[in-house]
Amino acid sequence: MKITEDIHLVKCPLQSIFTGVYVVLGDRISLFDAGMPASPESTIFPYLKSLGRDPSEISLVIASHGHDDHFGGIKTIKEKSGAIVAAHTDDAAYIEDPTKLWIDLNRRFPAYHLKPTADELSEGEKMGVKVDRLLEDGMIVDLGTFKARVVHAPGHTKGSICLYDEERKIIFTGDSVQGRGTVLQSGPLIYGELDEYLGSMERLKSLDLDTMLLDHEYLPMNSAVLGRVEALKILEESIKCVGEISKFILDKINSSHMAEFFYLVDEVKALHGANPASMSPCSIVDAVLKSLEKRQLIKRSGLDRWIRAP
Ligand SMILES: [Zn+2]
Ligand SMILES: [Zn+2]
């Protein structure tokens, strides 16, 4: 799908949704994200070929963050083209070792046995790819037809980044802006810190934006390509949504003698509708609890129990 002359969106199917891969077509080809391990052969390469371009022309792949629905395809692309791989310093380790995310999550939430555990990943899924270039906030990246500024937007993950084309006021946000989550999620996924996420949304709001390019269709919008009004709306919805979840969790704790982590996760899941395919919202519940604790609104009482602050 053509967005501008040089920027195209390739939609890589992911269950009932898609992961967006943004292709920048110049003398050479640059990619923002690469979909899942199968995406290059099934979707990205055929798309490039339909335009008369060859996958070997890809010279740069920038990973928005360390989730394998975005970096999974990089390995195949690198093998085919020798492209340079770039990602933020804080997420590079997850791209170099895809088992790290699941090891981290299962360590953080042991009772949930989050799938897949590291042992359940196939050999192919365990294979990471070396990050050649570490990115930091403010760095300028040359995508061939334009130069973009790296905007570090932690929250969804610690090392989530956006790319900002200041001249055309276009921003590529990956999964940094979660809105109300996708239809596969129970609300937004915040693997990092809630306050960092809110800070990132405020920072993005301060940018002059005509176009926002997301990697998934985040609710309440029904497109991954947003104009000026919609971009502002999803940033505001992102802030509103975590505010609502925070209030919901605080109310639950205040109105009960003591609230267990499991109970709060189930309640948040129910709040967003019982989608059997939805991912567990334990990361956002954990992020909210940490933020409420820091603001001294709640207190830990035992390992996984919370009470209102006296
Ligand atoms: Zn993600
Ligand atoms: Zn994603």
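Here are some questions and answers about the two zinc sites, the sheets and the helices of this predicted model.

User: Which residues hold the zinc ion (ligand 1)?
Analyst: The donors follow the spacing H-x1-H-x88-H-x18-D along the chain. They sit at 2.1 to 2.3 Å from the zinc ion (ligand 1). By name, they are His65 (NE2), His67 (ND1), His156 (NE2) and Asp175 (OD).

User: What do you call the arrangement around the zinc ion (ligand 1)?
Analyst: Four donors would count as tetrahedral if all angles lay between 85 and 135 degrees. Here the 4 donor atoms subtend angles of 91 to 168 degrees. That range makes the arrangement irregular.

User: How many residues apart in sequence are the parts that His65 and His156 tie together?
Analyst: Start with the spacing of the donors of the zinc ion (ligand 1), H-x1-H-x88-H-x18-D. His65 lies in the loop between strand E4 (58-62) and helix H2 (68-71), and His156 in the loop between E8 and E9, so the pair ties together parts that are 91 residues apart in sequence.

User: And the zinc ion (ligand 2), which protein donors does that one have?
Analyst: Along the chain, its donors follow the spacing D-H-x104-D-x40-H. They lie 2.1 to 2.3 Å from the zinc ion (ligand 2). The set is Asp69 (OD), His70 (NE2), Asp175 (OD) and His216 (NE2).

User: Which residue coordinates both zinc ions?
Analyst: The zinc ion (ligand 2) and the zinc ion (ligand 1) are 3.5 Å apart. One residue turns up among the donors of ligand 1 and again among those of ligand 2. That shared residue is Asp175.

User: Is Asp175 buried or exposed?
Analyst: Asp175 is in the loop between strand E10 (170-174) and helix H7 (194-205). Buried means under 20% relative accessible area. Asp175 has 4% relative accessibility, so Asp175 counts as buried.

User: What about His216, buried or exposed?
Analyst: His216 sits in the loop between strand E11 (211-214) and strand E12 (225-226), 41 residues from Asp175. The same cut-off applies, under 20%. With 3% relative accessibility, His216 counts as buried.

User: Which strands are the edges of the sheet with 6 strands?
Analyst: This one is an open sheet with mixed pairing, in the order E7-E8-E9-E10-E11-E12. An edge strand here pairs on one side only. That leaves strand E7 (140-142) and E12.

User: Inside that sheet, what is the bridge partner of Asp165 in E10?
Analyst: Strand E9 (residues 161-165) and E10 run antiparallel, joined by 3 bridges. Asp165 belongs to E9, and across in E10 the partner is Ile170.

User: At about what angle does H7 run to E8?
Analyst: H7 lies across strand E8 (147-152), E9 and E10. Those strands are part of the mixed sheet. Relative to E8, H7 runs at about 145 degrees.

User: Which helix lies across E13, E14 and E15?
Analyst: Those 3 strands form an open antiparallel sheet in the order E13-E15-E14. E14 and strand E15 (residues 305-308) pair over 3 bridges, with Lys299 opposite Ile307. The helix runs at about 80 degrees to E15, and is H8 (residues 228-255).

User: How many degrees of arc do the buried residues of H5 cover?
Analyst: In helix H5 (residues 99-108), the buried ones are Thr99, Leu101, Trp102, Leu105 and Asn106. They are on the same side of H5, because the arc they cover around the axis is only 160 degrees.

Methods. Residues numbered from 1 in each chain as written. Chains lettered and ligands numbered in written order. Predicted model: local features only at pLDDT ≥ 70, side-chain atom pairs only at ≥ 80, totals over all residues. Heavy atoms only, no water. Buried < 20%, exposed > 50% of the residue type's maximum accessible area, 1.4 Å probe, protein only. Helix = DSSP H or I, 4+ residues; strand = E, 2+ residues; numbered from the N terminus. Arc of directions from axis to C-beta. Donors = N, O, S within 2.8 Å, 3.2 Å for Na, K, Ca; no water. Pairing = 2+ DSSP bridges. Contact = heavy atoms within 4.5 Å. Axes fitted to C-alpha atoms, helices over the stretch in contact; angles between N-to-C directions. Tetrahedral: all angles 85-135°; square planar, octahedral: opposite > 155°, others 65-115°.
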